[in-house]
Amino acid sequence: MSENKTSFDFLADPAFLRTEKIFERAGWVFMALVVVAAMLGLFGNGYLSETVLRSEQFQMKYDRFLHFGDLTSLEIEIPPQTGESGVVAIAFSNGYMHNFRLERIQPDPESSAHGDQILFWFTATGTGEPVKVQFRLEPQKIGILEGKIFVNGEDGYVFRQFVYP
């Protein structure tokens, strides 16, 4: 007698049905995890993506996860006591800034300079008020990008972002 099974025979096979059910449930669990991760911001804006780099000299809000070609921002706030004579200096490592197209800086810097770092000078607007600066950037490279920010000539702070295709 021949052991050739037809497709209908597999549907009646309990071992096949059990295996199919395991794969189906694993697929549903995987899809649920992807949806939850997306809702939390693993693939863009959200709780997992937004982060803050804090130091005594400043704090910077930025997104960890970016998309190639989409705009993102670095929002930097400097307490009033760290600025000397009404001038605040913010610098980024050259390698980091070359991975982005700088669309806008708000407020406009008083001046800038390029060298080992890209340096911007801002005027403090009032006494007792923090200096708030926003850099709008568009990523030009895919993958992990490491940046370093320097405020008022202090030691640099490293931060990382991941750019999805």
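How many bridges join strand S4 to strand S9, and in which direction do the two strands run? In this predicted model, strand S4 (residues 72-78) and strand S9 (residues 131-139) are joined by 7 bridges and run antiparallel. The protein has 3 helices and 11 strands. Its radius of gyration is 25 Å, well over the 15 Å that the globule rule gives for 165 residues, so the protein is more spread out than a compact globule.

**Overall form**

- Along the sequence, the elements follow the pattern α-α-β-β-β-β-β-α-β-β-β-β-β-β.
- The C-alpha trace spans about 95 × 30 × 25 Å along the principal axes of the protein.
- Buried residues make up 31% of the 165 in the protein.
- The accessible surface is about 10700 Å², and carbon and sulfur atoms account for 56% of that surface.
- Among contacts with a separation of 6 or more, 59% are between residues 24 or more positions apart.

**The five-stranded sheet**

- An open sheet is built from 5 strands in the order S1-S2-S4-S9-S6, and the pairing is antiparallel.
- Strand S1 (50-54) and strand S6 (100-106) are the edge strands, each pairing on one side only.
- On average, neighbouring strands of this sheet are turned by 20° against each other, direction ignored.

**Pairing along S9**

- On the S4 side, Ile-78 has Val-131 of S9 as its bridge partner.
- Leu-74 is likewise bridged to a residue of S9, namely Phe-135.
- S6 and S9 also run antiparallel, with 6 bridges joining them.
- Arg-104 has Arg-136 in S9 as its bridge partner.

**The nonpolar core**

- In soluble globular proteins, nonpolar side chains tend to be buried together.
- The largest nonpolar core here has 27 residues.
- Met-60, Ile-76, Ile-90, Phe-92, Phe-135 and Ile-149 have the most contacts inside this core.
- S9 gives the most to the core, with 4 residues.
- Phe-135 appears in two roles: Phe-135 is the bridge partner of Leu-74, and it is listed with the residues that have the most contacts inside the core.

**Surroundings of Phe-92**

- Leaving aside neighbours within four places in sequence, Phe-92 is in contact with residues including Leu-74, Ile-76 and Phe-135.
- Other contacts of Phe-92 include Met-97, Ile-118, Phe-120, Ile-149 and Phe-159.
- Gln-117 and Lys-148 are also in contact with Phe-92.
- Leu-74 and Phe-135, bridge partners of each other, are thus both found among the contacts of Phe-92.

Key:
Residues numbered from 1 in each chain as written. Predicted model: local features only at pLDDT ≥ 70, side-chain atom pairs only at ≥ 80, totals over all residues. Heavy atoms only, no water. Pairing = 2+ DSSP bridges. Axes fitted to C-alpha atoms, helices over the stretch in contact; angles between N-to-C directions. Core = buried A, V, L, I, M, F, W, Y, C linked by side-chain atoms within 4.5 Å. Buried < 20%, exposed > 50% of the residue type's maximum accessible area, 1.4 Å probe, protein only. Contact = heavy atoms within 4.5 Å. Rg over C-alpha atoms; globule rule 2.2 N^0.38 Å. Areas by Shrake-Rupley, 256 points an atom, 1.4 Å probe, with all protein chains shown as cover.
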